[in-house]
Amino acid sequence: MSYEEQLNTDAHNSKKLLVNANHILYAQGVLDAFGHVSMRCGPDSEAFYLSRNIAPALVQAEDVQVFDLEGVTTDTRRPYLERYIHAAIYRARPDVGAVVHSHSLNVIPYTVAEQPLRPIMHMAGFLGEEVPVFEIRERSGQETDLLIRNNVQGDELADALGKNSTVLLMRGHGSVATGKDVKEAVFNAIYTEVNAEIQARSESLGRPVYLTPGEAKAAKETNASQIDRAWAFWLSNAVGHPHV
């Protein structure tokens, strides 16, 4: 196989992986008609893959566009408005290989409540001690539509995520989950939603017992070796879903 053929094969495989990520996240209830997932074009790449503006369940390989780290593409089809979320995180975090932005149902209450989102189950150790919240009013004023529409707002969001957090909540909007690759980012997005649901249920019963920082770190390290197992299961369910 020639070098050019290898590049084409790698691009095809990466796009298929991104398609699967979209379908899994839809089937698991993290994405609906809105939200999106991206991945770097390769290790240390200065470009990333992201679908054109389309519902995640409908994404196919031919819908995937290539963007630089300013959120610019040569593809003339309509891109997602909030591609700047992805571009800014990749600029700020060389360790991040994939990003999920969602409006998942159980997470949004923690973007507006005083109670922080914290890891309460071993599958969500990646949440750390507690999840930071991005307040767009502090940077862009009182009259935005809460969307990240440009690189300035993207940089502000990436700054709120910081250098060590995996997940960031966006007040009244949704969340961002990251990972070293697309499988890890999908895992983190799904279990952020699961943890939020379990935490809310637990809080309704009384005072929950959260993971300690040490427990969260140990659980994250253990779960890292199980992500392929979860991915295979989720993919098997997504493939048979009536809308993908």
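Here is a short conversation about how some features of this predicted model get their names.

Visitor: What should I keep in mind about numbering and confidence?
Guide: Residues are numbered from 1 along each chain as its sequence is written. In this predicted model, local features need pLDDT of at least 70, side-chain atom pairs count only at pLDDT 80 or more, totals for chains, interfaces and linings use all residues, and side-chain values use heavy atoms, with hydrogens and water left out.

Visitor: Why is Asp 63 called buried?
Guide: Buried means under 20% relative accessible area, exposed over 50%, and partly exposed in between, with a 1.4 Å probe and protein chains only. Asp 63 has 5% relative accessibility, so Asp 63 counts as buried.

Visitor: Where is Asp 63, and what is it in contact with beyond its sequence neighbours?
Guide: Asp 63 sits in the loop between β2 (47-51) and β3. Strands (E, at least two residues) and helices (H or I, at least four) are DSSP runs, numbered from the N terminus. Contact means heavy atoms within 4.5 Å. Setting aside neighbours within four places in sequence, Asp 63 is in contact with Leu 50, Ser 51, Arg 52, Ile 54, Leu 58 and Arg 77. Asp 63 and Leu 50 are 13 residues apart in sequence, and their C-alpha atoms are 8.5 Å apart in space.

Visitor: Why is Asp 44 called exposed?
Guide: Asp 44 has a relative accessible area of 70%, so it is exposed. You will find Asp 44 in the loop between β1 and β2.

Visitor: What makes the phi of Asp 44 worth pointing out?
Guide: Most residues other than glycine have a negative phi. The phi of Asp 44 is near 65 degrees, a positive value in a residue other than glycine. The hairpin of β1 and β2 that holds Asp 44 has six residues between the strands. Leu 146 also has a positive phi, near 75 degrees, and is found in the loop between α4 (137-140) and α5 (151-161).

Visitor: How do you know that β1 pairs with β2 and with β4?
Guide: Two strands pair if DSSP finds at least two bridges between them. Three bridges join β1 to β2, which run antiparallel, with Leu 50 in β2 as the bridge partner of Ser 38. Four bridges join β1 (residues 36-40) to β4 (residues 98-102), also antiparallel, and there Val 37 has Val 100 as its partner.

Visitor: What makes β3 and β5 edge strands?
Guide: Seven strands form an open sheet of mixed pairing, in the order β3-β2-β1-β4-β7-β6-β5. The strands β3 (64-68) and β5 (133-134) each pair on one side only.

Visitor: Why is β1 described as mostly covered?
Guide: Five of its five residues are buried. In a regular strand the side chains alternate between the two faces of the sheet. Here His 36, Ser 38 and Arg 40 point one way, while Val 37 and Met 39 point the other way, and all are buried.
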